[in-house]
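Visitor: Could you walk me through some charged side chains and tell me how the labels are earned?

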Amino acid sequence: MAGAVNRTVDVLVVGAGPAGLAAAARLAAAGPYRIEVLEREQEAGGVPRHCFHGGFGLADFGRPLDGPAYARRLARAAMVAGAAVRTRVSAVGWSGPLTLDVTAPTGLERITARAVVLATGARERPRSARLVPGTRPAGVLTTGELQQSVHLYGVRRERLGRRAVVLGAEPVAQHAVRTLRGAGVEVVAMVTEQSRGPRRFGAVPPPPLLTGARVTELLGRGRLTGVGVSRLDGRSGVIRCDTVVFTGDWIPDHELAREGGVPLDPGTRGPAVDGSFRTGSAGVFAAGNVLRGVESAGAAAGEGRGVADAVLRHLAGAPWPLSGVPVTAAGALRWVAPNRIDEGAAGRAFLLRVREPLSRPLVEVSQDGRILHRSQLLGTAWPHRSVRLGAGWARRVDPAGGPVTVRIGS
Amino acid sequence: MTAGRRRGAVTRAGALPDTSAPGAEYDVVVVGAGVVGCAVARELARRPLRIALVEASGDVGEGTSKANTAILHTGFDAVPGSLEARLVRDGQRLLADYARETGIPVEPLGAVLVAWDEEQLAALPRLAEKARRNGHRTTRVLGAGELRAREPHLGPGALGALEVPGESIICPWTTTLAYATQAVRSGVDLHLDCRVEKADPGAPHRLITPRGVLRARYVVNACGLYADRFDALFGRRDFTVTPRRGQLIVFDTFARSLVRHILLPVPGVLGKGVLVTPTVYGNVLLGPTAEDLDDRTATGSTAEGLAALRAQGGRILPALLDEEVTAVYAGLRSATEYDDYMCAAHPALRYVTAGGIRSTGLTASPAIAAHVVELLADSGLVLGAERPLAPVRMPNLGEAFPRPYRDAELIARDPEFGTIVCHCERVTRGEIRDALASTVPPGSLDGLRRRTRARAGRCQGFFCGATVRAMFEEAGHPWPER
Ligand SMILES: Cc1cc2nc3c(=O)[nH]c(=O)nc-3n(C[C@H](O)[C@H](O)[C@H](O)COP(=O)(O)OP(=O)(O)OC[C@H]3O[C@@H](n4cnc5c(N)ncnc54)[C@H](O)[C@@H]3O)c2cc1C
């Protein structure tokens, strides 16, 4: 990048969402380090910026907050601790193993750090990535675009539509319903492939729920006029609507990681990390939703604090593990994270995601045919919610052995 | 008009200019603002004529021109001796020059026609011979080993290929827009949202639209998929357009490193097959299907079409299927019952048709334009002395060329180019602002996307959709319904 200003910092955090801000706050509080956070949006805070509902802050601040309030608190905490939180600044590529190219209104920069923390979050797969066929009308959104339109730009019903269909029935889908209703849009159906929708819907009645069903086609020229739906039992039909929101189905925003050659885990599609959030590239850490799609904001912030501790050890001279036993998912398991065993992993629980709902499934961890752990889960494992698996067994892993397999079955 | 050239008007609503007084009529009205109509309007703008370009939809290039495979063809496989063969060959040269002059992104990657079975392999020398007859002497047959060295990610079973140097990829959006922009800056009036519903041929012709009547001494039909219907308004029934749908899948830019050339299929008895090619935006394109339909508006994709494409793509480039899909679209080519373009002058009617411009029209567009202007002259239009066109330099949408977000000097002059709004495609606030204030401003978010790439990326608006929409509305555009 000709004309770029070269700078150095101790830790460069990319992404000022809950993970990045929590990491920066702890790092800045811990020592005389120069901590800089880059955020490409106008405001720091990440996804909570546009989540105008409660459910944030209890774990971090001990009080219930809505998303924007939580985002502001996290940003303030990072700045008060001494981190430089810069907004409207985009990391657009790498020019060295620990050097990022940056575009900002103030010009181009090339920032070299002793440690880089990727905290770039996740996004929802849009209609195209889900290969839903049909026409390409207006009125097709993801939750991210919907929430920003309504909550950050005040877009109301006249603009959004009158009858909406929401795809998905997980918490994010419920937030989409609430946002639509708040904007005055009627939600005529929630459609999910799962066998079950939400049990509770707050104090208000849930929208009509279509379980075991898929949207097979979008209809309408110019503006959406309906969605074709087919049930697993073979019945099919059309729901008339002028708005459809594709919710959930997260994919890590792993662009920067991939561009930097940071190895990804095939299951999570995020950077593969060990229990200390160290990626396969020396000096590069990753935390939060970039690791595997969406967990709660509190979980992401928790990982942010976790990565800060690991970064501090790294700055103090801890060696970077050259390898580490890989952890792979098997059976009905879609992914497992973290993806490599290190000595630090013993304390941190693993997260598991199943492909389809399983009632009281059996979890088995093995290495080279040796069973390290076996247990039965209580209740049902759902594809949209992580199962936590304690890491006590990690101490019994042979560091010289083959991959560890986590298998789930019914 | 000679000296002190006036800039043309761009209208989207309201009454059309009054052309009723004698002498106030347009000299030429070009109907249809696809790549062909825009090229014709630009070519005519070199002359001291009063010209209008009218378009049914709200933007230029809304038809076939926005949804094709975006290849600047050499024309190596055209029917030798046909009008299409000549216009594609000339157009290729003209458009490549025009691209350099105006900043339309072009990447000369070269193509390889990959043979997957013995029959296809046997067809390669015949194709080389056809190319030779079309004036392309640089094709070469590659063995399996050389092919694999050139395209290491090809699936197993590729037996060889015909190399066609000179095949390029181009930005179809910028091409159409550059023509239209230059035409307007050179004095052409552009009337959008202005469908010609009836015609009253005469002296002058009367073209009836919901926004009023346009009078014209000469009319050019560049109506693409509707060229036969428009011909009928002038009493001509020379051909019938059959829409041939092509569905395409756009893969994420991370797929770009999987493919180095344009991977063309070997045409065979079972049709033309699908291609895999990089795009100038850094994506990878897979398609198109070929389905003959009746409905001229059927630009939807289908589950069967997408499944077939994925199956074929997986054979050509297996790793492609592991990448995320950025977009899916479908375009309709204007096939007719004839094996050539249907360009004709009707001197007695003072009317010229440019129809049946099937899947090479983007490439041929500047040559079609020159041909149409000749046909107009042959029909009695006095062209007048040639004069230089107003210069244009288009914003660069191509990945192979410098983009504003990496331009330190530009950002120092104008910090808006340092603020990225669409993160996936790295489109800056400055680019969006400029597009909204450009000569031919977008009438919808889709139009804005074609001018800037904003919202065209992997997130499809998850991050930037609301912001881009707000900028669009602030610029005074209505909520886009189309
Ligand atoms: C799948 C596919 C792949 C292709 N690939 C390539 C390629 O790689 N390279 C290449 O060179 N070409 C390619 N093409 C072809 C190229 O896109 C077309 O040849 C070209 O767009 C034709 O331009 P046009 O102006 O004739 O038609 P269009 O782009 O369809 O424009 C016609 C315009 O006329 C307007 N109109 C119609 N009737 C009226 C009326 N009564 N009043 C006012 N306005 C009217 C329409 O609204 C439309 O905007 C491809 C086409 C397809 C479908």
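Here is a short chat about salt bridges and burial.

Guide: Quick ground rules: this is a predicted model, where local features need pLDDT of at least 70, side-chain atom pairs count only at pLDDT 80 or more, and totals for chains, interfaces and linings use all residues. Residues are numbered from 1 along each chain as its sequence is written, chains are lettered from A and ligands numbered from 1 in the order in which they are written, and side-chain values use heavy atoms, leaving out hydrogens and water.

Visitor: Why is Arg125(A) with Glu324(B) called a salt bridge?

Guide: A salt bridge needs a side-chain nitrogen of Lys or Arg within 4 Å of a carboxyl oxygen of Asp or Glu. Here N to O is 2.8 Å, so the pair passes that cut-off. This one crosses between chains.

Visitor: What makes Glu163(B) buried?

Guide: Buried means under 20% relative accessible area, exposed over 50%, and partly exposed in between (1.4 Å probe, protein chains only). Glu163(B) has 14%, so it counts as buried.

Visitor: And which label does Arg150(B) get?

Guide: Partly exposed, because its relative accessible area is 22%. Glu163(B) and Arg150(B) also form a salt bridge, at 3.3 Å from N to O.

Visitor: Why does Glu25(B) have no salt bridge?

Guide: The nearest side chain of opposite charge, Arg217(B), is 4.8 Å away, so the 4 Å limit isn't met. Glu25(B) is buried all the same. A polar atom of its side chain does lie 3.0 Å from the backbone nitrogen of Gly23(B).

Methods
Lys and Arg count as positive and Asp and Glu as negative; His and the chain ends are not counted. A polar contact is a pair of N or O atoms within 3.5 Å; within protein, one must be able to donate a hydrogen and the other to accept it, and residues adjacent in sequence count only if both atoms are side-chain atoms. Helices (H or I, at least four residues) and strands (E, at least two) are DSSP runs, numbered from the N terminus.
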